[in-house]
Amino acid sequence: DPDYGGDDRSPFYRPGYSKESEPQAYNAFMQRSTDSVREICTKYGKIDILSLDQGLPKGAWPDTVRIVKMIRQLQPDILLRNRGIGPYGDFLTPEHWVPSGPSDPRLEGMAWEAIEQLTKRWAYQANDVFKSKEWVLSNLIDVVAKGGNFMPGVSPLPSGKFPPETIERLEYAGDWLRVNGEAIYNTRRWETYQEGDDIRFTRDKDGTHVYAISMKWPGQSFKIQSVRARQGSAITLLGAQGKLKWRQGNDGLVIDIPESIAMHKPCAQAYVFKIEAQPFQKQYE
């Protein structure tokens with residue numbers, strides 16, 4: 001913004017610029033910022049989420065609060081990222097890192113969405129290097145199991161179309177979700193989110209079913225210690241036909257996988273077992 005000269009990364013940077021030294025320019029900058037946000041919140045229907053990418057400059061906190069209150073008035077149901085607005089935000093966005101677990105102190109008890117570039121930059125650049133399609137899916141599963149959302153950052157070409165590499169990776173995740181989406185959408189974090197390196201857990205909204213997600217094909221049987229199935233539970237592999245045989249013993253829950261399923265796996269990565277499970281704590285009562 002040519003009226004704001006306080007950012008040394010900007011071509012409009014002016015040493016010594018401040019609200020006090022150039023009040024007319026500063027007020028024009030602030031008015032333009034306010035008008036831009038007002039336009040977004042009034043001309044495009046209902047807005048679900050607004051993520052401001054950075055805060056206003058030092059000393060502008062009263063203006064920040066004023067703009068946030070305007071947003072809330074214009075869009076009462078909106079969710080705001082906390083970046084730049086601190087306690088007025090609804091969720092935070094860990095960038096370039098995934099929380100170690102639901103109790104990671106860096107989360108500050110807030111709802112969260114992990115964000116990461118699919119390439120080397122957030123914006124498009126020619127000859128970029130793409131992360132793998134398996135990376136997209138494994139991060140989605142890991143983050144949801146920990147109670148968050150996952151947003152891989154994708155950027156269009158100058159034409160407005162997406163690179164074929166981006167399409168391939170997102171379609172790969174979409175194909176998996178068409179088979180296994182009930183283990184991701186509308187789910188909740190379970191009492192334990194992980195067992196070993198290759199197993200993650202989610203649960204359905206009412207807590208009657210646990211989804212045990214094996215990142216790798218488990219072989220002839222799937223064994224887990226963290227879930228105790230209810231007596232008579234119907235255990236299935238999402239995307240495969242029929243109920244699976246299982247047994248519960250001192251070595252945990254063991255689910256047999258018939259050769260007919262092994263020969264025709266429902267997806268290429270990450271296999272979801274749907275289990276009507278006892279509450280986690282009851283295993284130890």
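**Notebook: strands, turns and a few single residues**

I began with β11 and strand β12 (residues 252–256), which pair in the antiparallel sense over four bridges; I count two strands as paired if DSSP finds at least two bridges between them. Strands here are DSSP runs of E with at least two residues, helices are runs of H or I with at least four residues, and both are numbered from the N terminus. Within this pair I found W246 opposite I255 in β12.

Before going on, I note that this is a predicted model, in which local features need pLDDT of at least 70 and side-chain atom pairs count only at pLDDT 80 or more, while totals for chains, interfaces and linings use all residues. Residues are numbered from 1 along each chain as its sequence is written, and side-chain values use heavy atoms, with hydrogens and water left out.

**The antiparallel sheet**

I then followed the sheet outwards: three strands form an open sheet in the order β9-β12-β11, and the pairing is antiparallel. Its edge strands are β9 (221–224) and β11 (246–249), each of which pairs on one side only. The twist averages 15 degrees from one strand to the next, where axes are lines fitted to C-alpha atoms, for helices over the stretch in contact, and angles run from 0 to 180 degrees between N-to-C directions.

**The parallel sheet around β4**

Next I looked up the other open sheet, whose three strands have the order β3-β4-β5 with parallel pairing. Here β3 and β5 are the edge strands, each pairing on one side only. Helix α3 packs on this sheet and touches β4 and β5, and its direction makes about 155 degrees with that of β5; contact means heavy atoms within 4.5 Å.

Taking the pairs in turn, I saw that strand β3 (residues 91–92) and β4 pair in the parallel sense over two bridges, with W112 in β4 as the bridge partner of L92. On the other side, β4 and strand β5 (residues 149–153) pair in the parallel sense over five bridges, and E113 stands opposite N149 in β5.

How is β4 covered? Strand β4 (residues 111–117) is mostly covered, with six of its seven residues buried; buried means under 20% relative accessible area, exposed means over 50%, and partly exposed lies in between (1.4 Å probe, protein chains only).

I also traced the connection from β4 through helix α3 (residues 133–145) to β5, and these make a right-handed β-α-β unit. Right-handed means that, with the strands pointing away from the viewer, the path from the first strand over the helix to the second runs clockwise.

**The hairpins of β7**

Strand β7 (residues 199–203) has four of its five residues buried, so it is largely enclosed by the rest of the structure. Strand β6 (residues 194–195) and β7 pair in the antiparallel sense over two bridges, and the bridge partner of E195 in β7 is I199. The hairpin of β6 and β7 has three residues between the strands, and there G196 takes a positive phi near 65 degrees.

β7 also pairs with strand β8 (residues 209–214), in the antiparallel sense over five bridges, and I found F201 opposite A212 in β8. These two strands form a hairpin with five residues between them, and G207 in the turn has a positive phi of about 80 degrees.

**Positive phi outside glycine**

I checked two further loop residues. H96 has a positive phi of about 70 degrees although it is not a glycine, its place is in the loop between β3 and β4, and it is partly exposed, with a relative accessible area of 44%. N186 likewise is not a glycine but has a positive phi of about 60 degrees; N186 is found in the loop between α4 (164–180) and β6.

Is N186 buried or exposed? N186 is exposed, because its relative accessible area is 64%.

**A last look at S33**

I finished with S33, which lies in helix α1 (residues 23–42) and is buried, with a relative accessible area of 18%. S33 and G207 are 174 residues apart in sequence and 45 Å apart in space, C-alpha to C-alpha.
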